[in-house]
Amino acid sequence: MGGLIYTQIDGYVRYGLIPANPLLILKSLPGSFWLEGYKQAFGPVYALAVSPDQQILVSGGTYGTIRGWNLQTNQLLYDPPAIVAHSEWVKSLDISPDGKTMASGSDDKTLKLWDLKQGTRQRTIEGHTEAVNAVTFSPDGRALASGSSDDTIRLWSLSSGARQLTIVADSRGVHDVAFSPDGRVLASAGQDGTIKLWSLALGTRILTLGRDDASRHQGIVNDIAYTPDGQAIASASDDGTVRLWNASNGELLQILLNANQPVKSLAISPDGKTLASGSNHIHLWKLETNPQTLKTGTERTSFLGHASPITALAISSDNQLLFSGSEDKTIKIWRMPNQAQKSSQ
C-alpha cells in the first residue's frame, strides 16, 4: 500500500502515490511517477496534523496558508487548494479528538478554528500579543491551549472561544504546550531550556523539568510530548538533545540523542512504543517501561531524505505511518519500522 507525498520540483508542485518504503523512493525517483499539480511555490513546512481516522493530512507554513489532503483518494482537499488562513506564517496545527475541527496558530498573534473537511473558518481567537507558536486540543475536545512568544499560556473554551485561563510562564517565550493524557496538567516548553508543568484546576506551577544546570537543556526547547500512559515527557531542543523525563518528579531519565544539530520536532506513537525526533534526519527510538528507570529509549533506525531541518512530525493513529515536514519545502511519508520492508541502507 502506498501513501501521499508532495514536493516542489522545477517550480511545479507534484503529488502522487508512493510505494511502501519511502527510503528507496528517495534514492531513485522515477521521472514519470509524479502527477503535475499546481504551479505555486511552497515554503518551509512548520506544522503537520493527521486526523484521528487517518483520512486527512494538513500542513501549514510560510505565506499563512494551510493545505489538506484526502489520504484515501490522494487528492488535495480544499478548493482553492490552499486556505489563506493567516497574514503571517502558520506555526502550529492540531485536529480535535472528534476529527471535526482544526486549530491553527500563527505569527500574526491569532488562533483560528476551522471545519476540517470543508476548510471554512469557524472562529478567530485574539488575545496574545506576540506570535502563537503552539496550539493543542484537550483530550476531551472541550478546550484549546495556546503558547506564545509573549510568554503566556492560555486556555480557551472550544464552544464559545472565551478565555478560561492565562498563565505567565516565566520562560522568555513559550514554544510548545502539551496536555497530560488525563487533561489535568499542561506542560509548556520555553526559551529558557526548561519544561514546566501546570495544574489547570489551580493555574499554578506543579513542577519544573530541568531546574538545575546539570539536567536543563542548553538551548530553546522546541517540542514536547507526553507518553500515552502519562508517566514520561519527551523534549527536543536546539542544544541537539532529546530528553526523557519522569512526569511525576521531574527526574531526567535519559538523554536519547546528543547531536551537533538542533532537534526541531518530535512525536510519540499512540501505542507509546516509538518516539520520533527530527533534526537534519529522523531518528526513531523504541520506548520501553523499565521498573528501575520508568522509561528508557533505544534507537531503532533513522530515515534520511530531507535536505533541510525537519520541523514537524506526526504519527498516524494506527502507528503505521510517520509524516515529516521540513524547511526543504517537502512533506514525506514513511512506513514505521514494524511495517516497513527492510531497507538496503
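Let me begin with a single residue, aspartate 238, which is partly exposed at a relative accessible area of 27%; by that I mean the class between buried, under 20% relative accessible area, and exposed, over 50%, computed with a 1.4 Å probe on protein chains only. Its side chain meets that of lysine 264 in a salt bridge, with 3.0 Å from N to O, where a salt bridge is a side-chain nitrogen of Lys or Arg within 4 Å of a carboxyl oxygen of Asp or Glu. This pair links distant parts of the chain, 26 residues apart, since aspartate 238 sits in the loop between strand S22 (232–237) and strand S23 (241–246), and lysine 264 in the loop between strand S24 (252–258) and strand S25 (265–268). Lysine 264 is also partly exposed, at 26% relative accessibility.

Before going on, I should say what kind of model this is. It is a predicted model, in which local features need pLDDT of at least 70 and side-chain atom pairs count only at pLDDT 80 or more, while totals for chains, interfaces and linings use all residues. Residues are numbered from 1 along each chain as its sequence is written, and side-chain values use heavy atoms, with hydrogens and water left out.

Now the chain as a whole. Its secondary structure comes to one helix and 31 strands, these being DSSP runs numbered from the N terminus, with H or I and at least four residues for a helix, and E and at least two for a strand. Of its 345 residues, 58% count as buried. The chain exposes about 14400 Å², of which carbon and sulfur atoms supply 45%; these areas come from the Shrake-Rupley method with a 1.4 Å probe, and for residues only the protein chains shown count as cover. If we take contacts, meaning heavy atoms within 4.5 Å, between residues at least 6 apart in sequence, 44% of them join residues at least 24 apart.

Let me return to the strand that follows lysine 264, S25. Which way do its residues point? Ser265 and Ala267 point one way from S25, Leu266 and Ile268 point the other way, and all are buried. S25 pairs with strand S26 (residues 274–278) in the antiparallel sense over four bridges, and two strands count as paired if DSSP finds at least two bridges between them. Within that pairing, alanine 267 has alanine 276 of S26 as its bridge partner. The two strands form a hairpin with five residues between them, and glycine 272 in the turn has a positive phi of about 75°.

A second piece of strand architecture is an open sheet of four strands, in the order S13-S14-S15-S16, with antiparallel pairing. Strand S13 (132–137) and strand S16 (163–168) stand at the edges with a single partner strand each, so one side of each is left without a neighbour in the sheet. The twist averages 15° from one strand to the next, with axes taken as lines fitted to C-alpha atoms, for helices over the stretch in contact, and angles running from 0 to 180 degrees between N-to-C directions. Strand S15 (residues 152–157) pairs with S16 over five bridges in the antiparallel sense, and tryptophan 156 has arginine 163 of S16 as its bridge partner.

How many aromatic pairs are there? The count comes to two, where rings of Phe, Tyr and Trp (its six-membered ring) pair if their centres lie within 6.5 Å, and planes under 30 degrees apart count as stacked, over 60 as edge-to-face and the rest as tilted. The rings of tyrosine 46 and tryptophan 89 have centres 5.2 Å apart and planes at 20°, so this pair is stacked. Tyrosine 46 lies in strand S4 (residues 45–50) and tryptophan 89 in the loop between strand S8 (82–84) and strand S9 (90–95), so the pair ties together parts that are 43 residues apart in sequence. Tyrosine 46 is buried at 18% relative accessibility, whereas tryptophan 89 is partly exposed at 35%. Phenylalanine 303 and tryptophan 334 also form a stacked pair, 4.8 Å centre to centre with 15° between the planes, and both of these residues are buried.

Finally, back to charges: the structure holds seven salt bridges. One of them joins aspartate 213 and arginine 216, with the closest N and O atoms 2.5 Å apart; aspartate 213 is exposed at 61%, while arginine 216 is partly exposed at 21%.
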